[in-house]
Amino acid sequence: TPRPTRWPRSARGAISMGSKGKSSFAAYTISGKGSDIFPLPAHRAAIQVHKKHKGAGCPPSKAPAEHVPPLLRGRLDARGLRVLHLDPPVWIVDGFFSAEECESYRALAEDAQRALRLEQSATFSASTATARTSATWFIRYQDAPQLLARAAALLGRPVDHFEEPQLVRYEPGQRFTWHYDAIPPSMLANGGQRIATLLVYLNDVETGGCTAFRDLREGGTDGDGQPKRLAVQPKKGRALLFFPSDADGAPDERTLHAGEPAKEDKWIAQLWLHEKPYTPANLPMGTCQREGDAAARAFAKEWQLEPPPPLISE
Ligand SMILES: O=C(O)CCC(=O)C(=O)O
Ligand SMILES: [Fe+2]
């Protein structure tokens, strides 16, 4: 097969540089091809910007307003917030958790009272081929103040809109194949659709274990000359944020993703935001959103974060 070294003429022709030819994130937009937001730009100046930001993402100031997810509007000053992909939006927050917060969350795996280990984790994917081989723990709301407080401060949503906090461990060889995070219609009665996925990498992973998006590109080409797939490398304390459905709950199929096979241990914290208040099952025993809210509020005070909005389900 021929090795394409350049983007197809049709795509290249549609790249716009903005009025002054100034290189900004907008320069990467290919009209009508929303998901190819990070192609190698045709213009030299834009290539510089692209290379500089690839991997670590672009500052939010470079994201055109129409591509800022509704949940992040007015909240772009969050420390460490970067854009990896505009449409569909994929953002990261480096340093979302401190090293200490990573450790305290990871340690929950050893606490059977606070964390319940599931043999078979709940996956809702419509894809029959989906397989997950990692281990999942469900964490009591009141034992995840770092996660709930930081998530509520980032997204401006109350604690009762979040699903049970989870902890996931991949050992070498373990993976989670292509899937959607959106839940099936039969489960929408509880809290509506999942409108945001927030996962926090709890340790550094040198090789393997990326979170990969099948249909999104990060720019540049691989050894075969094919456009590179967007894949986020786990970095201790880094959060990954994307939107399995839009703000109205319509699933976004472009967010199909996977946890690639781990080559070393990989730990993540996992949290899903729902459209409406979500009622947890009583697992682990004694889990309580109200106590979780109080714990998150105390954490927010201690770390001078914006406190979570009041619970709606009260
Ligand atoms: O492990 C990852 O990188 C992705 C995990 C994931 O997609 C999930 O838990 O739904
Ligand atoms: Fe997922």
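This report covers the overall fold, the nonpolar cores, one buried glutamine and the ligand site.

**Overall fold**

The model is predicted. The protein has five helices and twelve strands. It holds 314 residues, and 51% of them are buried. Contacts reach far along the sequence. Among those between residues at least 6 apart, 75% join residues at least 24 apart. The exposed area of the protein is about 14,500 Å². Carbon and sulfur atoms supply 51% of that area.

**Nonpolar cores**

In soluble globular proteins, nonpolar side chains tend to be buried together. Here the largest nonpolar core has 47 residues. Y105, L147, L154, L202 and L241 touch the most other members. Helix α4, residues 145–155, gives this core its largest share, with six residues. A second core is separate and has 16 residues. Its members include I92, V168, L216 and F242.

L147 deserves a look of its own. Leaving aside residues up to four places away in sequence, L147 touches F97, Y105, P165, L198, V200, A269, Q270 and L271. One of these partners, Y105, is also listed with L147 among the residues that touch the most other core members. Another partner, Q270, returns at the ligand site, where Q270 is among the residues that come nearest to ligand 1.

**A buried glutamine**

Where does Q193 sit? Q193 lies in the loop between β6 (176–179) and β7 (194–201). Is Q193 buried or exposed? Its relative accessible area is 2%, under the 20% limit, so Q193 counts as buried. The side chain of Q193 reaches the backbone nitrogen of I183 at 2.7 Å. Beyond residues up to four places away in sequence, Q193 touches A182, I183, L188, S245, G249, P251, L273, H274 and E275. I183 is thus both a contact of Q193 and the residue whose backbone nitrogen the Q193 side chain reaches.

**Ligand site**

Ligand 1 has 13 residues around it. Y170, T211, H257, K266 and Q270 come nearest. Three side chains place a polar atom by an oxygen atom of the ligand, as tabulated here.

| Side chain | Partner | Distance |
|---|---|---|
| Y170, N or O atom | oxygen atom of ligand 1 | 2.5 Å |
| T211, N or O atom | oxygen atom of ligand 1 | 2.5 Å |
| Q270, polar atom | oxygen atom of ligand 1 | 2.6 Å |

Taken alone, ligand 1 exposes 290 Å². The protein buries 99% of that area.

Methods: Residues are numbered from 1 along each chain as its sequence is written. Chains are lettered from A and ligands numbered from 1 in the order in which they are written. This is a predicted model: local features need pLDDT of at least 70, side-chain atom pairs count only at pLDDT 80 or more; totals for chains, interfaces and linings use all residues. Side-chain values use heavy atoms; hydrogens and water are left out. A nonpolar core is a set of buried Ala, Val, Leu, Ile, Met, Phe, Trp, Tyr and Cys residues joined through side-chain atoms within 4.5 Å. Buried means under 20% relative accessible area, exposed over 50%, partly exposed in between (1.4 Å probe, protein chains only). Helices (H or I, at least four residues) and strands (E, at least two) are DSSP runs, numbered from the N terminus. Contact means heavy atoms within 4.5 Å. A polar contact is a pair of N or O atoms within 3.5 Å; within protein, one must be able to donate a hydrogen and the other to accept it, and residues adjacent in sequence count only if both atoms are side-chain atoms. A residue is near a molecule or strand if one of its heavy atoms lies within 4 Å of it. Accessible areas come from the Shrake-Rupley method with a 1.4 Å probe; for residues, only the protein chains shown count as cover.
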